[in-house]
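User: I am new to this structure and would like to go through it by question and answer. Please take the topics one at a time.

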Amino acid sequence: MRIYCGKDYEGASRIAANIISAQVIMKPDCVLGLATGSTPIGTYEQLIKWYEKGDLDFSAVHSINLDEYRGLKPDNDQSYRYFMNTHLFDSINIDKKNTFVPDGTEPDADKACKDYDEIIRSHGGIDLQVLGLGHNGHIGFNEPADSFCKGTQCVKLAESTISANARFFASADEVPKEAYTMGIGSIMQAKKVIVIVSGEGKAEIVKKAFLGPVTPQVPASILQLHNDVILVGDEAALAEYYKAV
């Protein structure tokens with residue numbers, strides 16, 4: 001595992017954006033696995049700036065997002081499709097027909113999951129998977145469990161995850177209780193993985209995920225077994241990791 005430390009959130013975001021932009025430049029028709037949430041926003045903003053300068057071309061890129069809330073329509077301002085359009089896709093020259101997010105409106109969970117696994121398979125897998133890290137160690141919406149889930153699944157969100165996401169809704173009661181998420185198996189099959197972390201609130205889980213035992217109770221810990229993982233964080237998020245090594 002390689003580790004890059006930025007002084008602050010902006011610094012870490014620039015490092016992450018550099019890694020993603022290098023992937024796009026080296027393989028213009030690459031498949032990017034993308035993530036939502038507050039952490040990657042700075043990274044996406046930097047990618048947009050470089051695109052606007054003419055340094056990046058996303059016209060041949062395909063993207064496959066990690067997850068989507070079950071029950072939210074794409075035009076709902078809290079859906080992850082809406083998030084991606086707002087924070088990245090609307091501002092670059094990617095063809096939206098080549099961007100994929102789980103269908104939160106599909107009521108048949110088995111169908112939704114099988115359809116998404118087929119999308120991943122038909123694109124030959126993911127070249128670079130972007131991940132955030134939940135406070136309980138979840139990646140995507142793969143919550144702590146008794147085993148690692150291979151394929152796309154419909155998950156009941158942990159209370160800690162619902163609480164963490166409540167700031168985006170009018171109240172915690174409005175946060176969807178289920179989501180469709182790419183499985184751990186699909187994430188692990190990505191050729192390269194970049195995990196972006198920021199803030200002292202992530203310091204303990206970073207240490208637990210990357211220095212503790214590999215266990216489905218800390219889903220991100222399985223990344224210790226991936227052969228090409230890059231951890232990018234600011235000083236606050238990486239502080240406990242550096243103290244322990």
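User: Are α7 and α8 parallel, antiparallel, perpendicular or oblique to each other?
Analyst: In this predicted model, where local features need pLDDT of at least 70, side-chain atom pairs count only at pLDDT 80 or more, and totals for chains, interfaces and linings use all residues, the axes of α7 (residues 203–211) and α8 (residues 235–244) come within 7 Å and cross at roughly 45°. Residues are numbered from 1 along each chain as its sequence is written, and side-chain values use heavy atoms, with hydrogens and water left out. Angles under 35 degrees count as roughly parallel, over 145 as roughly antiparallel, 65 to 115 as roughly perpendicular and the rest as oblique. The two helices, α7 and α8, are therefore oblique.

User: How do the residues of the contact of α7 with α8 divide into nonpolar, polar and charged?
Analyst: Contact means heavy atoms within 4.5 Å, and on this basis Ala203, Glu204, Val206, Lys207, Phe210 and Leu211 in α7 meet Ala236, Ala237, Leu238, Glu240, Tyr241 and Ala244 in α8. Ala, Val, Leu, Ile, Met, Phe, Trp, Tyr, Cys and Pro count as nonpolar, Asp, Glu, Lys and Arg as charged, and the others, Gly among them, as polar. The residues of this contact divide into nine nonpolar, no polar and three charged.

User: Which helix gives the most to the largest nonpolar core?
Analyst: A nonpolar core is a set of buried Ala, Val, Leu, Ile, Met, Phe, Trp, Tyr and Cys residues joined through side-chain atoms within 4.5 Å, where buried means under 20% relative accessible area, exposed over 50% and partly exposed in between, with a 1.4 Å probe and protein chains only. The largest such core has 60 residues, and those with the most contacts inside it are Leu133, Val195, Phe210 and Leu223. The helix that gives the most to this core, with six residues, is α1 (residues 9–26).

User: Is isoleucine 94 buried or exposed?
Analyst: Isoleucine 94 is found in the loop between α3 (80–87) and β5 (99–100). Apart from neighbours within four places in sequence, isoleucine 94 is in contact with Phe58, Val61, Ser63, Phe89 and Thr99. Because its relative accessibility is 10%, isoleucine 94 counts as buried.

User: What is the relative accessible area of methionine 182?
Analyst: Methionine 182 has its place in the loop between β8 (178–181) and α6 (184–188). Leaving aside neighbours within four places in sequence, its contacts include Ile64, Leu66, Ile120, Asn142 and Ile187. Methionine 182 is buried, with a relative accessible area of 0%.

Technical notes: Axes fitted to C-alpha atoms, helices over the stretch in contact; angles between N-to-C directions. Helix = DSSP H or I, 4+ residues; strand = E, 2+ residues; numbered from the N terminus.
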